[in-house]
Amino acid sequence: MRQPLIAGNWKMNGTRSSVETLLLSVISGASAISKTEIAVCPSFPFLELGERLLTGTTIKLGAQNICTKEVGAYTGEVSANMLAEFSCQYVICGHSERREYYGETDTIIAEKVSICVKKGMKAILCVGETLSQREQEQTESVIESQLENVIKQLGIDIFNHIDIAYEPVWAIGTGKTATPEQAQNVHGFIRQKIAIHNTVIAEKIRILYGGSMKAENAHDLLSQSDIDGGLIGGASLIANDFLAICHAGDAVASQN
Ligand code: PGA
């Protein structure tokens, strides 16, 4: 039985005071969530605040990015040790916005996953196709190559320390969500691909869905057999919306 994970990707949003308010609201609502693991990923400057407020709660802290290097002259970068020192337990790696706007390749992403895991944190590895790739029926080949590149570079065992997030690029921040069936098809495909390398890991690994998941569609998506949680952007910035998705996770977990 895979415990659902609902992770908020706050992206480059918030101020010191709005992040504090959001954290406090999520903390207070999360006491009613018992079966779903919750994580929030604020921007780097707010990690200290996140650590301070989340200590003693069940909510995990995550980061949105990580440097591939350990230490040294890498202006503007943030290292794995720094993230671990601020109690980060998750790091989002390979988000499509990083792939698209910051030129992150599969090789760089695998390096990020590697250093994150080496320092004891869990990577949330994002994969997903663009609209034109979907239209050209390349969804499976794109995702297969994103996964296989990580496996080739790091080996399958690294997937013991990874949650995968399937995030169709055309659904991110657009209000267009993959239908539960579309999402399930890809999630099933991902699990199958992992199973070719290791059936135990394939059964154990969580595959989150990301792309306009919200309170209204969370239950249907999370009810699919291979959807084990969500990586939530827009809806994670509103505490009640995010908590409603966590409640959907709990409801589905109770049925299983
Ligand atoms: P969204 O973003 O929920 O706003 O579509 C998801 C993500 O980018 O992780």
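How much space lies in the largest pocket? In this predicted model, the largest pocket holds about 520 Å³ of space. Its lining is made up of 20 residues, and those that lie nearest its centre are K11, M12, Q64, R98 and Y102. Sorted by character, the residues of this lining divide into ten nonpolar, six polar and four charged, and the largest share, three residues, is supplied by helix 4, which covers residues 96-101.

We can turn next to the strands. Eight of them close into a barrel in the order 1-2-3-4-5-6-7-8, with parallel pairing throughout the description of this sheet, and neighbouring strands are turned against each other by 25° on average, when direction is ignored. One pair to look at is strand 3 (residues 60-63) and strand 4 (residues 88-93), which run parallel and are joined by three bridges; here L61 stands opposite C88 in strand 4.

Helices pack on this sheet. Helix 5 (residues 106-118) touches strand 4, strand 5 (122-127) and strand 6 (162-166), and its direction makes about 160° with that of strand 5. Helix 7 touches strand 5 and strand 6, and its direction makes about 150° with that of strand 5.

Helix 7 (residues 139-154) also packs against helix 8 (residues 180-197), at an angle of about 35° and with the two axes 11 Å apart, in a crossing that is right-handed. Helix 7 brings T139, E140, I143, E144, L147, E148 and I151 to the contact, while helix 8 brings V186, F189, I190, K193 and H197. Taken together, the residues of this contact divide into six nonpolar, two polar and four charged.

Note on methods:
Residues are numbered from 1 along each chain as its sequence is written. This is a predicted model: local features need pLDDT of at least 70, side-chain atom pairs count only at pLDDT 80 or more; totals for chains, interfaces and linings use all residues. Side-chain values use heavy atoms; hydrogens and water are left out. Axes are lines fitted to C-alpha atoms, for helices over the stretch in contact, and angles run from 0 to 180 degrees between N-to-C directions. Helices (H or I, at least four residues) and strands (E, at least two) are DSSP runs, numbered from the N terminus. A crossing is left-handed if the near helix is turned anticlockwise from the far one by less than a right angle, and right-handed if clockwise. Contact means heavy atoms within 4.5 Å. Ala, Val, Leu, Ile, Met, Phe, Trp, Tyr, Cys and Pro count as nonpolar, Asp, Glu, Lys and Arg as charged, and the others, Gly among them, as polar. On a 1 Å grid over the protein atoms alone, a cavity is a set of points where a 1.4 Å probe fits but cannot get out, and a pocket is an open set with protein on both sides within 12 Å along at least five of seven lines; lining residues have an atom within 4 Å of a point. Grid points are joined across faces, edges and corners, and a volume is the space filled by probe spheres set on the points. Two strands pair if DSSP finds at least two bridges between them.
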